[in-house]
Amino acid sequence: MGGKRGAERLGPAVAVAPGTRVDRFEVFFDLVFVFSFFIITRATAVNITGDSLLHGMLVLAVLWWCWVVHTVVAARVRLGVGFVPALMVVGMAALFCFALSLPQAFGDPVRWAIGPVVVAVSYLVLRAVHLLLYWHVAGERPGERRLLLKYSPELVMSTLLLLAAALIPPQIDDRGQADMVRDGLWVAVVLLQYGAGLVANTWGWVLTSAEHWTERYDLILIIALGESIISVGVGGNLLGEPVTWRGVTAAVLGIFFTAALWWTHFDVIAPAARIAQHAAQGRLRVAMARDAYAYSQLVMIGGIILFALGAEEIVRQVADDSINLAEPTHGPGVLLLFGGVICYLCGGMLFQLRTLGTLSWTRVGTVFVLAVAIPLATHLPALAALSLLTAICLGLVATRWWSWRTPAEPCTRRSSRRRPPTRSTRPTGGPAGTKKLPTRNPAEEPLPDVCGRSGRRCRQCRAPVDPLHISFT
């Protein structure tokens with residue numbers, strides 16, 4: 001009863017309306033996710049091996065699913081209004097504890113027995129906050145609470161699997177077998193989470209504000225790119241060391257290729273995808289939001305973390321005065337750097353294909369060039385390898401910019417269909433009441449047929465593009 005009076009004193013929850021934008025509290029909440037990305041990068045960078053990369057990607061997948069659930073709740077209720085911020089602070093605390101315990105999630109099961117338990121409990125608290133908040137606002141729509149109950153088994157099962165991953169391995173004497181059981185349980189959690197999103201489909205869900213959804217995911221992608229710059233600066237020993245031309249050069253190159261990666265997505269693709277998300281309605285809008293933003297952007301975030309790890313290794317070698325600049329690079333830095341950029345671009349192509357129905361030949365060619373350049377870059381000095389990657393990324397941006405500057409060939413695909421005629425009149429210049437002549441109305445011109453050009457509509461004939469057509473532009 002007291003809790004109800006407290007909620008009334010703070011104000012009621014407010015539903016998200018069409019056209020709602022991201023508010024300040026949501027950006028404040030995202031800072032904890034930034035810290036989580038940073039923790040994943042730092043914990044993986046301590047000892048980069050195949051196992052540590054697998055563990056980092058598993059943790060990222062679970063964390064990203066928490067983010068997806070968070071955005072689903074934020075698309076239903078305003079997080080910065082009424083009593084909701086007070087409840088979300090509890091979720092922020094749980095997320096912060098989750099991030100702090102991530103480095104111990106895959107440590108020695110005997111030495112770090114408490115860390116995995118904190119991960120599971122923090123995960124449960126965070127998901128429970130989202131569930132309770134959505135349950136509160138779901139009473140406004142008939143049947144929405146029954147729909148919410150269909151997703152509760154995923155929460156219960158994923159929490160039990162994380163608890164099992166924390167409690168079962170310490171009981172196994174064989175360390176190798178214990179690690180295998182723990183990793184298998186984490187893989188089961190990831191498959192359960194993302195499989196539930198596909199099996200449940202989009203029936204019953206409503207995405208009220210496409211603007212809010214797209215802006216939220218654009219912001220988290222920008223934040224992840226910024227976190228990669230921080231990781232390079234911190235992990236590359238650029239802080240607290242004397243400023244040298246080698247360190248400055250490496251830092252500038254890191255900024256250049258990161259900015260180029262930002263440009264490849266946010267210059268054209270992200271704004272066009274936002275328009276496509278606005279144009280889609282009903283279940284089509286929900287399916288596009290799930291496939292493009294919730295799933296495809298996970299591949300992009302994973303690529304960002306990978307190339308941040310690789311850039312950190314390369315920058316450390318460049319900035320270290322004890323290493324000869326002519327010495328070939330060593331370690332997994334080149335593979336992570338180039339592979340992370342390939343992963344980022346492939347995720348961007350999946351995003352573009354799902355939202356716009358198009359692919360860019362410049363991106364396909366860039367991915368091919370990056371893959372071919374990996375064997376060459378492994379034999380180059382660290383500074384030369386970083387310069388090569390930066391040149392390829394800047395070349396992609398320059399090619400895309402030039403292609404959009406080049407006038408498109410006129411489209412000749414026309415149809416004899418005509419729009420319904422509308423009459424528009426204007427005075428002939430005589431006194432009032434004189435005869436008015438009809439003016440030329442563009443609506444009476446032939447209506448373009450479906451066009452095979454790229455984009456949602458042809459820029460020349462304004463015809464809608466066949467949604468099943470995939471064009472390479």
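This text leads through a pair of packed helices and then one arginine in a predicted model.

A good place to begin is helix 13, which covers residues 333-356. At 1.5 Å a residue, its 24 residues should span 34 Å, and because its end C-alpha atoms are indeed 34 Å apart, the expected and the modelled lengths agree. Much of this helix is shielded by its surroundings, since 17 of its 24 residues are buried. Just after helix 13 comes G357, a residue whose phi is positive, near 70°.

Two packed helices are described by the angle between their axes and the distance between the axes. For helix 11, residues 269-279, and helix 13, the axes come within 9 Å and cross at roughly 30°, and the crossing is left-handed. On the side of helix 11 the contact is made by I269, A272, A273 and A276, while helix 13 contributes F351, Q352, T355 and L356. Sorted by class, this contact of helix 11 with helix 13 holds six nonpolar and two polar residues, and no charged ones. The spacing of such positions can be read against the general rule that an α-helix has 3.6 residues a turn, so residues three or four places apart point the same way.

Turning to another part of the model, R216 lies in helix 9, which runs over residues 210-235. Is R216 buried or exposed? With a relative accessible area of 1%, which is under the 20% cut-off, R216 is buried. Leaving aside residues up to four places away in sequence, R216 touches V22, E26, D30, W67, H70, T71, A74 and L79. With one of these, H70, the side chain of R216 also forms a polar contact of 3.0 Å, made to the side chain of H70.

Conventions: Residues are numbered from 1 along each chain as its sequence is written. This is a predicted model: local features need pLDDT of at least 70, side-chain atom pairs count only at pLDDT 80 or more; totals for chains, interfaces and linings use all residues. Side-chain values use heavy atoms; hydrogens and water are left out. Axes are lines fitted to C-alpha atoms, for helices over the stretch in contact, and angles run from 0 to 180 degrees between N-to-C directions. Helices (H or I, at least four residues) and strands (E, at least two) are DSSP runs, numbered from the N terminus. A crossing is left-handed if the near helix is turned anticlockwise from the far one by less than a right angle, and right-handed if clockwise. Contact means heavy atoms within 4.5 Å. Ala, Val, Leu, Ile, Met, Phe, Trp, Tyr, Cys and Pro count as nonpolar, Asp, Glu, Lys and Arg as charged, and the others, Gly among them, as polar. The expected span of a helix is 1.5 Å times one less than its number of residues. Buried means under 20% relative accessible area, exposed over 50%, partly exposed in between (1.4 Å probe, protein chains only). A polar contact is a pair of N or O atoms within 3.5 Å; within protein, one must be able to donate a hydrogen and the other to accept it, and residues adjacent in sequence count only if both atoms are side-chain atoms.
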